[in-house]
Every structure is written in C-alpha cells, then in structure tokens.
Amino acid sequence: MEKLERGFLENGGEWREFDFDKLFNVARGDIQNQKALKRNDVGVSFVAQNDINNGYVYKVSNNNYRKFKGNSIIIGRQTGVIYYQPEEFITTDGVLILEEKIPLIKNKRIGLFICSLMKKHMVIYGYTNTVSAKKLNNLKLDLPFLNGKINFSYMEKFIEELEAERIEELEAYLMVTGLKDYKLTKEDQKILDYFEKMSDNSLDRQTERQTDRIRLEDLLIWQTGISEIDPLKLNELYDKTSEKYPFYGQATDNNGIISYESLKAEVLNNKNALPTILVHSNNQNVVYLQTPFYLKDGHGATSVLQNENMDLDVALYIMSCIRKSITERFDYNAKATKIGLKNTEVEIPFFNTVVDYKFMKKFIKVVKKLVIKDVVIWADKKIEATKQVVERK
C-alpha cells in the first residue's frame, strides 16, 4: 500500500478536497411498513439499515416502491452504517441513498473506496445523532487527482491491493490456527449428532446430559461502572502517553470497532482484559472482545457481560443463544434493555445440572471446521488467482 501511495505522489498525483454536495444528491427510500413486503426469490433486492449482510434482507415482488439503481452507496440514518450496493434495490425511509451528480462510482472497487472515505465521517452518528442530508452536505471528501482529473485507476488499485493483502493475511491465519484442516473426525460427528438430538428434544431429559433454559442474569455477570464516551468529545480525552485500545460502537462491521484510540485512563473499560460480551439494545448487536476497550455513548444502552468460564469458543456459543432469544423477544420497538436482557432465558447444554462449557467449546470447534471449509476452498482459489496476476506482471 505504501508503494502504491508513493508511486501516486511521485507521478504528480495529489489529494483534493471536494464538497460532498457537489458529488452527490441524497435521496431516501419510501418503504414505511416492511410487513407489507412480499418475498420473491426472483424479485428486487430489499435493503434496510441492518448492520449485517451489506444491508440486504431478501428479495421481494413489490413494484410500487421507488427503485434505486445498483452501483450505489447507502447510509443508515440511525446507525450510520454505510454500504456499497451492487444491484437494483428498494429500501426504507430510514435509509439514505447517495446519487451521483458527476460520474464517480464506475464499479464495485471504486464504490468500496468511496465507502472507506465516508466511514471516518460516520463515527459521530447513531440513534441519538442521526444522519441527515443536511449534515452530509456539510462534509468534505479528499479524492485522488492526476493530471487535473479524478484518478479512478488509483482507487481501483488501492482496493485491489487491499484485497490481495487481506487474502495473504487470511492464508497465514488459517495456517497458524490449524483451520486449514476442515475434515471432521468421528468425535466431531458425535458432537454434531448429540447437538441435533438436543435441538429436536429427542434426548431423555432424565439422563445426565440435557439442555435447559437459564436466565442470562444467572449465566453472565453484568459489569457496572462502565464509561461511555460521546464521540463529539473525543478531543478532550486524548492522552498520547496511553496505549491504543479499540473504541466500540453499535455496528457489526469490524466486530463493532470504530477506531483505535489513546485516551485517558478513567474512560478505559475492562482493564484486566477479561473475555467480554457486549449487547447493544438499540440494534440488538452482540459482539465479543478480550481487551481493554472504550465504549461509544449509547445512553446506557450497552450491556457488558462477563463469565469466568468463558473463552472465545464458549462466548460464540453463548452469543448465538443470546441472538436467538433476542430475535424472539425484541425488535426496534421493543429494545433489548439491560433489565429485559437479565430476565431473558437462553437454552444451553447442561451436564449433571451444571452448565456444560466443555460441550460448548467442542461444538464451536466443529462448527468452525464446517464453516471454514468453504472459506479455505475460496481462499485457495483467490490466492492462486492472485499469484497468476503477480507472475504476469
């Protein structure tokens, strides 16, 4: 990446500041009642301000809503999440769509580059400070120029090299963690069989192994005295002598990490770096962390949960149970508040009436093998393709 930037500048490239409102008009979707949508696998894509799956929900057959062309960028008004949309779509009135005033987003890579430029401006937005066209129009974006014209080639190469860099990192990670080995053993298959029986309630509940429901308050410990930070006041909290730690928000992108900051010690949480689960009430997002961290102000909306028996694998199991229970009990109108979560029950495995953390750990390791299989095959193909491109150069 440094070589690309250096070559860009040495060849006369420069960064120029552009007023946002000279690049884009800001439109809004017109869907107000999602329940009226009719699913249809061959219909048009329905996009919402979800924090996952690029905002995509499902395809619908409704033709009476405004359609937006693909190759566009959307922003969630209440979440501040920003995504590139490759296909034609319809969306809700809670989503802003950036419509080009000049030919700019020529392809996916340029769209992703513009998204990356925009993301740093989205940190301050959320449920208590929603995004609006007026606020966006006050932004300024730096774009690469060469010979007096926007340098689209630089944007594409930047994303292309970033993709190649991430693929290499993925390959190294798979090797170090042993995840390249995705073949199931007989013991792995037994774990899956047992889980299937638990799921369909075919186990004898009088035996020593079973699943049961437990209140989250009896499973996890709610942490008190958590410091939450108004992002508009970050400048007042900087401490150059402090180590950098993750600053968490409510998006699922990058596991909820907005940025890494060096701030005053009094606003640092989890100083002992204990395994921790964060649950955000506004969007029901659930993330895992095991470092000290700073937390974006959600007006008391974020639950910080810990358990002395928890590591990453156990946390992943518990998080899946939390998400399932949240889906059943809460939505945007009935938020997953701390009080509501404490009384929420999750169904987890027990052994001799004791929570079976060993089974959770074993099960997640098997799931990783199942999930990683397609990733390994995909990564191998991408790595081979990247090598062929490099060799041709």
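Contact, on this tour, means heavy atoms within 4.5 Å. Keep that in mind as you click through this predicted model.

**Stop 1: colour by confidence**

Start with pLDDT. The chain averages 84, and 91% of the residues score at least 70. Strand 17 (residues 294-295) has the highest confidence, at 94, while helix 10 has the lowest, at a mean of 75. Now select residues 389-393: pLDDT stays under 50 here, and the model gives this stretch one contact beyond four places in sequence.

**Stop 2: the loop between helix 5 and helix 6**

Select Y182, which sits in the loop between helix 5 and helix 6. Which residues does Y182 touch, not counting those up to four places away in sequence? Show K369, I372, K373, V376 and I377, and you have them. Y182 is partly exposed because its relative accessible area is 25%, and the cut-off for buried is under 20%. For a sense of scale, draw a line from the C-alpha atom of Y182 to that of G76: the two are separated by 37 Å, and the residues are 106 apart along the chain.

Stay in this loop and pick L184, which also lies between helix 5 (152-177) and helix 6. L184 is partly exposed, at 31% relative accessibility. Add L370 and V371 to the selection, and you see a nonpolar surface patch with about 230 Å² of accessible area together.

**Stop 3: into the cores**

In soluble globular proteins, nonpolar side chains tend to be buried together. The largest nonpolar core here has 36 residues; select L219, I277, I318, I322 and I348, the members that touch the most others. Elements that each supply at least two residues to this core include helix 6 (186-199), strand 15 (276-280), strand 19 (345-351) and helix 10 (357-392). Helix 8 gives the largest share, eight residues.

Zoom in on I318. Apart from neighbours within four places in sequence, I318 is in contact with L219, L220, I277, M310 and M360. Then move over to a second, separate core of 32 residues, with I82, L98, I114 and L139 among them.

**Stop 4: a buried asparagine**

Next, select N269 in the loop between strand 14 (257-261) and strand 15. Is N269 buried or exposed? With a relative accessible area of 3%, N269 is buried. Beyond its neighbours within four places in sequence, its contacts are G225, I226, S227, P292, F293, Y294 and L295.

**Stop 5: salt bridges**

The structure holds 17 salt bridges, and three make good stops. Begin with E99 and R66, whose side chains meet at 2.9 Å, N to O. E99 lies in strand 8 (residues 95-100) and R66 in the loop between strand 4 (56-60) and strand 5 (72-76), so this pair ties together parts 33 residues apart in sequence. E99 is partly exposed, with a relative accessible area of 28%, and R66 is also partly exposed, at 39%.

Next come E217 and R215, joined in a salt bridge at 3.1 Å, N to O.

Finish with D313 and K368, where the closest N and O atoms are 2.7 Å apart. This pair links helix 8, which holds D313, with helix 10, which holds K368, 55 residues apart. D313 is buried, at 4% relative accessibility, whereas K368 is partly exposed, at 27%. Widen the selection to D311, D313, K361, K365 and K368: salt bridges with shared partners join them into one network.

Notes: Residues are numbered from 1 along each chain as its sequence is written. This is a predicted model: local features need pLDDT of at least 70, side-chain atom pairs count only at pLDDT 80 or more; totals for chains, interfaces and linings use all residues. Side-chain values use heavy atoms; hydrogens and water are left out. A nonpolar core is a set of buried Ala, Val, Leu, Ile, Met, Phe, Trp, Tyr and Cys residues joined through side-chain atoms within 4.5 Å. Buried means under 20% relative accessible area, exposed over 50%, partly exposed in between (1.4 Å probe, protein chains only). Helices (H or I, at least four residues) and strands (E, at least two) are DSSP runs, numbered from the N terminus. Patches are made of residues with over 30% relative accessible area and no salt bridge: like charges are joined within 9 Å, nonpolar side chains (Val, Leu, Ile, Met, Phe, Trp, Tyr) within 5 Å. Accessible areas come from the Shrake-Rupley method with a 1.4 Å probe; for residues, only the protein chains shown count as cover. A salt bridge is a side-chain nitrogen of Lys or Arg within 4 Å of a carboxyl oxygen of Asp or Glu. pLDDT is the predictor's confidence in each residue, from 0 to 100.
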